[in-house]
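Student: I'd like to learn how to read the places where parts of a protein meet. Could we go through one model together?

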Amino acid sequence: MDIRHPIPGNGGDWAVKFGEIWNSQISQVRDTFGAGIEDIKMPDTYPTDVPIVYVQRSKILEVLKYFKESVGFEYGFLADITATDESGSPRFEVAYQLFSHSRLCRIRIKVRVPEGEAIPSAVSLWKGADWAEREVFDMFGITFSGHPNLRRILMDERWVGHPLRKDYPIRGYQIFTDSQAVDPERLK
Amino acid sequence: MTNTREGRRSQIELPVGYQVEHDPDDLWGDARVVVNIGPTHPAMHGALRMVAKLNGETIEKSYCEFGFTHRAKEKLGENRTFHNFTVYTDRLNYCSALINNVTYALAVEKLMGIQVPERCMWIRMICCELARIMDHLICIGINAVDLGAFSFFLYGFHQREEAYTLVEKLCGARLTTSFTRIGGLMADAPDGFERELKAWVEKTRKVIDEMDELLTNNKIWKKRTVGVGVFNKEDCMQYSFSGPNARAAGIDLDLRRDQPCLLYKEVEFDVPVAQNGDVFDRYMVRLSEIRQSLNILSQCADKMKKGPIWSEDKRVRIPEKTVVHNTMEGMIHHFKFFMTGFEVPPGEAYTQFEAANGELGFYIVSKGASRAHRMRIRGPSVWHFQGISPMVEGEKIADMVAALGSINIIAGELDR
């Protein structure tokens, strides 16, 4: 038994509940963006709870905006931005978890990012994406172009390396005894 | 007019005819003070740091830093078995550790396709609502202490201690509970637990009424909170606010009602919503939510029946101690379970739950091993703390303390 085994009341019935909404949304997105959509993984064929929409790196902002603002989508709540280190090629996948307050359904949008390449920042769509993208940068070293203030967030600014990459050792301690100074630039 | 955000912003402007001379060595311009609040400061809730540029007492611009208690939980999640990771979830939001335990268990069970028995779900719901009440009591209590209302806090704190005693009866620990297991619970509720719970609920109802009378209409409290730290609906959506903070601004959404898990469909409760999104409304929403949680608790105590607490799934069932101590097979099973752990089938899921603070999410990617490929924890505090700088812009520095207390930042969940 895996995730496709329905558990009533713990997301197991979502495929029944939201299946039609998801199908119509995905066919609409395919029509609008064409080759901008690389791949789609649906819950009935792939072990996932919600559909995953793989988007071309250059198209991500347009697709996110479409999901956020189009009638029938209204995914206005950015639940999370995170990344995974797939250790392959392209190396990273950035995942956006979206939630629609009006339809109460969720969807996941993913972008494949090779090491050393940048993806467009979503701060223009959600101001709250700021810290989430900083965390992805801090932990994985993925840069976001157009981000107003891309620097480390959880780690110290003097930290070397990106801790959540698979090649970073679990005991890779770096100790700093003095604190970070106040940055006058940030108060302008 | 002055008690609105725009009104306060307009006060920042310098008086007419006041010229600022540019001194290349004076980084801050004239008449500006930079205050560094935290990481260790009694008004900051945990090790947080805020650097604020003040014009008199008004905050013109500020930025926040955190990460001082970062313990690399997401990295640990990739290096510990799914069973081992339960104890790390306690240390996320340590004011409501039980909710974290339950959400984590739900997340892994979703990936494994495990359905837990009914009694287990009722006990988990009791855990969640108890933890929610404890979290809200500490939030509104400490918020009041920050503004000088100390006795209010003590009323709540006594009931909170009693709630911890109930939790202790369930799992033997008060703060770091580690109560849930994947596919079940550490132990069944003791005999007579329902009765004790209902007695506590009745007593707490009275205490909440008393607390309400004591503070809600207090003139000083109202002056310090009404119209302070306003974060409206649009701001909340921009900064992904969730939970009581979003409901205080008029976003009528509660994941217990709108994306129900466990048995929330079978209990009746209201979702309190306020409109203004200021400190007072957040206080009122939390106070009303405590009452609703008490209703849920008494319904759970009534509906709970005797029965098994463990799922029948062989993969996650921890072997009985009598079997472990008396048979070789049991011993090997026990050893394998705790040393190598069970394997979770490949897949990925984002599991969310209405935690006391807002949407707590676990995004787990499994590649079929006994350890996660990616264990992402979405703590609501991160998103709420991000909103504090725009929220307090143009407010007095003393109001920053009120606003920070009202959005309930928990450093353990913030730093992970």
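Tutor: Gladly! Let's begin with a term we will need: a polar contact is a pair of N or O atoms within 3.5 Å, where, within protein, one must be able to donate a hydrogen and the other to accept it. Keep in mind too that this is a predicted model.

Student: Let's start inside chain B. Into which domains is chain B divided?

Tutor: Chain B has domain 1, covering 5-65, and domain 2, covering 73-415. Taken over C-alpha atoms, the centres of these two domains of chain B lie 35 Å apart. In their contact, 23 residues come from domain 1 of chain B and 24 residues from domain 2 of chain B.

Student: How do I put a size on such a meeting place?

Tutor: The size of an interface is often given as the accessible area lost when the parts come together. For domain 1 and domain 2 of chain B, the buried area is about 2100 Å², and carbon and sulfur atoms give 58% of it.

Student: How many residue pairs are in polar contact across the interface of domain 1 and domain 2 of chain B?

Tutor: The rule finds 5 such pairs, both residues being at pLDDT 80 or more. As for salt bridges, it finds 0 across that interface.

Student: Which element of chain B gives the most to the side of domain 1 that touches domain 2?

Tutor: Strand 3 of chain B does, with 7 residues. Helix 1 (5-10), strand 2 (49-55) and strand 3 (58-65) of chain B each supply at least two residues of that side. By residue class, this side of domain 1 of chain B divides into 11 nonpolar, 5 polar and 7 charged.

Student: Now the two chains. How many residues of chain B are in contact with chain A?

Tutor: Chain B brings 68 residues, which meet 66 residues of chain A. The two chains bury about 5500 Å² between them, with 54% of it on carbon and sulfur atoms. B:Tyr63, B:Lys75 and B:Glu348 supply 12% of the area that chain B buries against chain A, more than any other three residues.

Student: How many salt bridges does the rule find across the interface of chain B and chain A?

Tutor: It finds 9 between these chains. A:Arg106 forms a salt bridge with B:Glu359, for example, and their closest N and O atoms are 3.2 Å apart. Across the interface of chain B and chain A there are also 28 residue pairs in polar contact, both at pLDDT 80 or more. Strand 6 (residues 347-354) of chain B makes up the largest share of the side of chain B that touches chain A, with 6 residues.

Notes
Residues numbered from 1 in each chain as written. Chains lettered and ligands numbered in written order. Predicted model: local features only at pLDDT ≥ 70, side-chain atom pairs only at ≥ 80, totals over all residues. Heavy atoms only, no water. Domains from an automatic or database assignment. Contact = heavy atoms within 4.5 Å. Buried area = accessible area lost by both parts, 1.4 Å probe. Salt bridge = Lys/Arg side-chain N within 4 Å of Asp/Glu carboxyl O. Polar contact = N/O pair within 3.5 Å; in protein donor to acceptor, adjacent residues only side chain to side chain. Helix = DSSP H or I, 4+ residues; strand = E, 2+ residues; numbered from the N terminus. Nonpolar A, V, L, I, M, F, W, Y, C, P; charged D, E, K, R; others polar.
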